[in-house]
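Q: I'd like a close look at one spot in this model, taken slowly, and then a walk outward from there. Start with what a single residue touches and keep the thread going.

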Amino acid sequence: MKTALVCGAGGFIGHHLVRRLKREGFWVRGVDLKLPEFSPSDADDFVVGDLRDPVLCRNVTDRPFDEVYQLAADMGGAGYVFVGEHDAAIMHNSATINLNMAEAARLSGVQRLFYSSSACIYPLRNQMDPNNPLCAEDSAYPADPDSEYGWEKLFSERLFLSYHRNYGLPVRIARYHNIFGEEGAWTGGREKSPAAICRKVAAASDGGEIEIWGSGEQTRSFLYIQECLEATIRLTRSDFTGPVNIGSEEMVSINQMARMVMGIAGKQLSLRHIEGPLGVKGRNSDNRLIAARLGWAPSRPLVEGMSITYHWIAGQLAGKGL
């Protein structure tokens, strides 16, 4: 039986990935600071522990796993990453986890290691025009990410690539672009914009209003979780090291996404624009490289994933009597 280790298995993507690997017949160990919040993990073994501890990292990599997925990070939405209050924690926590896991994977002889980087590594100068952002993989340098979160991701890309060059560690690196879906954070400050907008629309009365940070004209693309898992697994099992974008090319403004969710909910709402942390003005996945190397592209439109996510969050709100 093939074996897999999922670091960050208590988080949104990690929890879904464990479920996918189990369906494929893997024996799976998950590790995270916490258990999944919304449903039990399918992992055969789940270690609740802190990957900033190098001893724990060596203990959980006690065999040459066929596949290791390093998803663990200190992260959140714009309200967490761009306010400046968590910069030191983000850099310290995530860099320490990646340093520990690179060394543990080397020592245990893992067969393949996937590392989840981020579109936040791309230079600010390439994302000033909301209608024409440049996020091709080879545009990452000269480096100028707009957040410490992006700088740490870029450092850790280089860390894993160094282990690949010097020690032969078989790494695969993806730059995720705004992954969303059910069973993700939807409140509490770490939720990303799709979940935040779904929550606001679900909580609003028909004819009311919701708040949007900034003008709402900032653009992004969003990838549904099941699409992300398919691309992640294809990359991990390929002979392509990356880094490569994993995202959607269906770019929308935040205002357009809000109106899409209103349509799903069947509500007419007004948008009230307020000051708030925004990030770059435009960002969109460039999928030319992943299409050429892996033959992959998203298979479903944004509205399908948003519909699933909206109804799940509306159910969460209803369950809490909100």
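A: Let's start with alanine 89, which, leaving aside its neighbours within four places in sequence, is in contact with Asp74 and Ser94. Keep in mind that this is a predicted model. Alanine 89 sits in helix H4, and its relative accessible area of 31% makes it partly exposed. If you want a spatial reference for it, try glutamate 148: the two are 59 residues apart in sequence, yet C-alpha to C-alpha they are 9.8 Å apart.

Asp74 is a handy link to the next residue. Asparagine 93 is also in H4, which covers residues 87–108, and it touches Asp74 along with Arg52, not counting residues up to four places away in sequence. So is asparagine 93 buried or exposed? It counts as buried, because its relative accessible area is 14%, under the 20% cut-off. Compare that with alanine 89, partly exposed at 31%. Now for a long jump: the C-alpha atom of asparagine 93 is separated by 37 Å from that of methionine 262, with their positions 169 residues apart along the chain.

Methionine 262 is a good place to land, since Met262 is one of the H8 residues that meet helix H6. Helix H6 spans residues 193–203 and helix H8 spans residues 254–265; their axes come within 10 Å and cross at roughly 45°. That makes the pair oblique, and the crossing is right-handed. On the H6 side you'll find Ser193, Pro194, Ile197, Cys198 and Val201, while H8 brings Ile254, Met257, Ala258, Val261, Met262 and Ala265. Sorted by class, the contact of H6 with H8 has ten nonpolar residues, one polar residue and no charged ones.

H8 has another partner, helix H10 (residues 302–319), and here the axes are 10 Å apart, at an angle of about 60°. H8 and H10 are therefore oblique to each other, and H8 passes H10 in a right-handed crossing. Which residues of H8 meet H10? They are Met257, Met260, Val261, Ile264 and Ala265, and they face Leu302, Val303, Met306, Ser307, Tyr310 and His311 in H10. By class, the contact of H8 with H10 has nine nonpolar residues, two polar and no charged. Look at Met257, Val261 and Ala265 if you're hunting for shared positions: they appear in the contact with H6 and in the contact with H10.

Met306 from that H10 list leads into the core. The largest nonpolar core has 57 residues, and Met306 is among those with the most contacts inside it, together with Val6, Leu21 and Tyr176. The largest share of this core, seven residues, comes from H8. Pick out tyrosine 176 next: not counting residues up to four places away in sequence, it touches Ile13, Leu71, Phe114, Ser116, Ser117, Ser118, Ala119, Cys228, Thr232 and Ile246. There's also a second, separate core of 25 residues, which includes Cys7, Val68, Tyr115 and Leu169.

Now some backbone oddities worth checking. Strand E6 covers 171–176, and the loop between E6 and strand E7 (179–180) holds asparagine 178. Asparagine 178 has a positive phi of about 50° although it is not a glycine, and it is partly exposed, with a relative accessible area of 22%. Glutamate 183 lies in the loop between E7 and H6. Its phi is near 70°, again a positive value in a residue other than glycine. Glutamate 183 is buried, though, with a relative accessible area of 14%.

Two cis peptide bonds round this off. One joins tyrosine 141 and proline 142, with omega about 0°, and proline 142 is found in the loop between strand E5 (113–118) and helix H5 (148–167). The other runs from glycine 242 to proline 243, with omega near 5°. Proline 243 has its place in the loop between helix H7 (225–236) and strand E11 (244–246).

Methods:
Residues numbered from 1 in each chain as written. Predicted model: local features only at pLDDT ≥ 70, side-chain atom pairs only at ≥ 80, totals over all residues. Heavy atoms only, no water. Axes fitted to C-alpha atoms, helices over the stretch in contact; angles between N-to-C directions. Helix = DSSP H or I, 4+ residues; strand = E, 2+ residues; numbered from the N terminus. Parallel < 35°, antiparallel > 145°, perpendicular 65-115°, else oblique. Left-handed = near helix turned anticlockwise from the far one by under 90°. Contact = heavy atoms within 4.5 Å. Nonpolar A, V, L, I, M, F, W, Y, C, P; charged D, E, K, R; others polar. Core = buried A, V, L, I, M, F, W, Y, C linked by side-chain atoms within 4.5 Å. Buried < 20%, exposed > 50% of the residue type's maximum accessible area, 1.4 Å probe, protein only.
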